[in-house]
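Open the model in your viewer and keep the selection panel at hand. The tour goes from one ligand to the next, then to the space around them.

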Amino acid sequence: MIRNDYTIEEIREIYNTPIMELVFRASQVHHKYQATGEVQVCTLLSVKTGGCSEDCSYCSQSSRNHTDLTPQRLMKYDDVIDSALEAKNAGSTRFCMGAAWRNVRDNSDFDKVLEMVSGVNALGLEVCCTLGMLTEEQAHRLKEAGLYAYNHNLDTSEEYYDKVITTRTYQDRLETLDKVEEAGLSVCCGGIIGLGETDEDRIKLLHTLSTRENHPGSVPVNVLVPVKGTPLEHNKRVSVWELLRMIATARILMPKSMVRLSAGRNELSYEQQALCFMAGANSIFAGEKLLTTPNNELASDKEMFEILGLKPRESFKVEAEEVQ
Ligand code: SAM
Ligand code: DTB
Ligand code: SF4
């Protein structure tokens, strides 16, 4: 049964279940609602890099942070399509284009992104974008161009938000999510652990996500990648047990959503990733780079899939099943 009336207390109780029991419960939910053994493979591409006016304290791309990143203008259409084809040939079924924008503006760069969306969609890939805040009209234009999903993370709890970002509010984020949903796009929304937040902040983030009228279609769980030159570069690394708790609780609360083991995966062994898949993660980012930071090698992911007996999920699988 899919619920959206969870209380904070209920979620706190699930989150604090002894880890073996928690993973077992999540695994049962996973088995019931998802095709076990199937993992959605997504590829990220930063189509416009750096120079962002937001002050997200984790991000390599904020112009307020003093990172080693070289800003890059919007990529050319042909180069984006080449990357998408390469991702498809490497086995990805979803392609996500990111731009370091505070919000989308109605200019020629947005027109070019719309063309990229159409081009990638024509390759038979699920297209996702993450471009910052949107207006209703922009969300509709993206949908018309062939966009499948829009990524817009809440990152943490409402209470902790202004410790991480001061240039926008939680409410701004929620409003964009509503516009994305109203335009008929699949919502991709999750968070980051390791920002210095407490367990209670993580529980509240999970509460916000799982009590939305419709659960997000996908929930990325990122572990902070500490970037040199950002205020969070020396943060203490979160342990795999905390990551497991986050994934398992998300899986139990949102049985039908894809739970994506996102940033931070390249610090995990095959065994640790196996635990994440047992706990209900069923999506990953593949390819040597996330947006600006290194990710797992394709060859080692291939080896891990073979060892664990995992297979990549086909694109548009949910729709195909719903139509039947
Ligand atoms: N500018 C757009 C936005 O903020 O929505 C899109 C790009 S932004 C880089 C996408 C997401 O990546 C962020 O919301 C954040 O959750 C995640 N992210 C960024 N830097 C990260 C880091 N160093 N470690 C983990 N996750 C990170
Ligand atoms: C998400 O939740 N994680 C991805 C994707 N959505 C856009 C981005 C992770 C970025 C990690 C840091 C970097 O590579 O810059
Ligand atoms: Fe800009 Fe997005 Fe990075 Fe924030 S997370 S600084 S909005 S690119």
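Select R173 and ligand 1. A polar side-chain atom of R173 lies 2.8 Å from an oxygen atom of ligand 1. Keep in mind that this is a predicted model.

Now show the backbone of A99 and W101. A backbone N or O atom of A99 lies 3.4 Å from a nitrogen atom of ligand 1. For W101, the distance from a backbone N or O atom to a nitrogen atom of ligand 1 is 3.5 Å. How much of ligand 1 does the protein cover? On its own, ligand 1 has 550 Å² of accessible area, and the protein covers 89% of that.

Widen the selection to the whole shell. Ligand 1 is surrounded by 16 residues, and the closest are T130, N153, D155, R173 and V225. Colour them by class: the shell around ligand 1 holds 10 nonpolar, 4 polar and 2 charged residues.

**Next stop: ligand 2**

Select N153 again, this time with ligand 2. A polar side-chain atom of N153 lies 2.8 Å from an oxygen atom of ligand 2. Add N222. An N or O atom in its side chain is 2.8 Å from an oxygen atom of ligand 2. Then add N151, where a polar side-chain atom lies 3.5 Å from a nitrogen atom of ligand 2. The protein covers 87% of the 400 Å² of accessible area that ligand 2 has on its own.

Show the rest of the shell. Around ligand 2 there are 13 residues, the closest being N153, N222, L291, T292 and T293. By class, the shell of ligand 2 has 6 nonpolar, 7 polar and no charged residues.

**Next stop: ligand 3**

Which residues surround ligand 3? Select C52, E54, C56, Y58, C59, S62, A100 and R168. This shell divides into 5 nonpolar, 1 polar and 2 charged residues.

**The space around the ligands**

Now hide the ligands and look at the space they take. Ligand 1 occupies the largest cavity. Ligand 2 takes up space in the largest cavity, and ligand 3 sits in the largest cavity as well. Its volume is about 880 Å³. The count of cavities of 30 Å³ or more comes to 3.

To find the middle of the largest cavity, select Y58, C59, Q61, N153 and L291. These lie nearest its centre, among 41 lining residues. Then colour three strands: β2 (94-99), β3 (126-130) and β7 (218-223) each give two or more residues to this lining. β2 provides the largest share, 4 residues. By class, the lining of the largest cavity has 22 nonpolar, 13 polar and 6 charged residues.

**Last stop: the second largest pocket**

Select T43, L44, L45, S83 and K289. Of the 25 residues lining the second largest pocket, these lie nearest its centre. The space in this pocket is about 530 Å³.

Which elements supply at least two residues of this lining? Colour β1 (38-48) and α3 (77-89), and you have them. β1 gives the largest share, 6 residues. Finish with the classes: the lining of the second largest pocket divides into 12 nonpolar, 8 polar and 5 charged residues.

Key: Residues are numbered from 1 along each chain as its sequence is written. Chains are lettered from A and ligands numbered from 1 in the order in which they are written. This is a predicted model: local features need pLDDT of at least 70, side-chain atom pairs count only at pLDDT 80 or more; totals for chains, interfaces and linings use all residues. Side-chain values use heavy atoms; hydrogens and water are left out. A residue is near a molecule or strand if one of its heavy atoms lies within 4 Å of it. On a 1 Å grid over the protein atoms alone, a cavity is a set of points where a 1.4 Å probe fits but cannot get out, and a pocket is an open set with protein on both sides within 12 Å along at least five of seven lines; lining residues have an atom within 4 Å of a point. A molecule sits in a cavity or pocket if more than half of its atoms lie within 2 Å of its grid points. Ala, Val, Leu, Ile, Met, Phe, Trp, Tyr, Cys and Pro count as nonpolar, Asp, Glu, Lys and Arg as charged, and the others, Gly among them, as polar. A polar contact is a pair of N or O atoms within 3.5 Å; within protein, one must be able to donate a hydrogen and the other to accept it, and residues adjacent in sequence count only if both atoms are side-chain atoms. Accessible areas come from the Shrake-Rupley method with a 1.4 Å probe; for residues, only the protein chains shown count as cover. Grid points are joined across faces, edges and corners, and a volume is the space filled by probe spheres set on the points.
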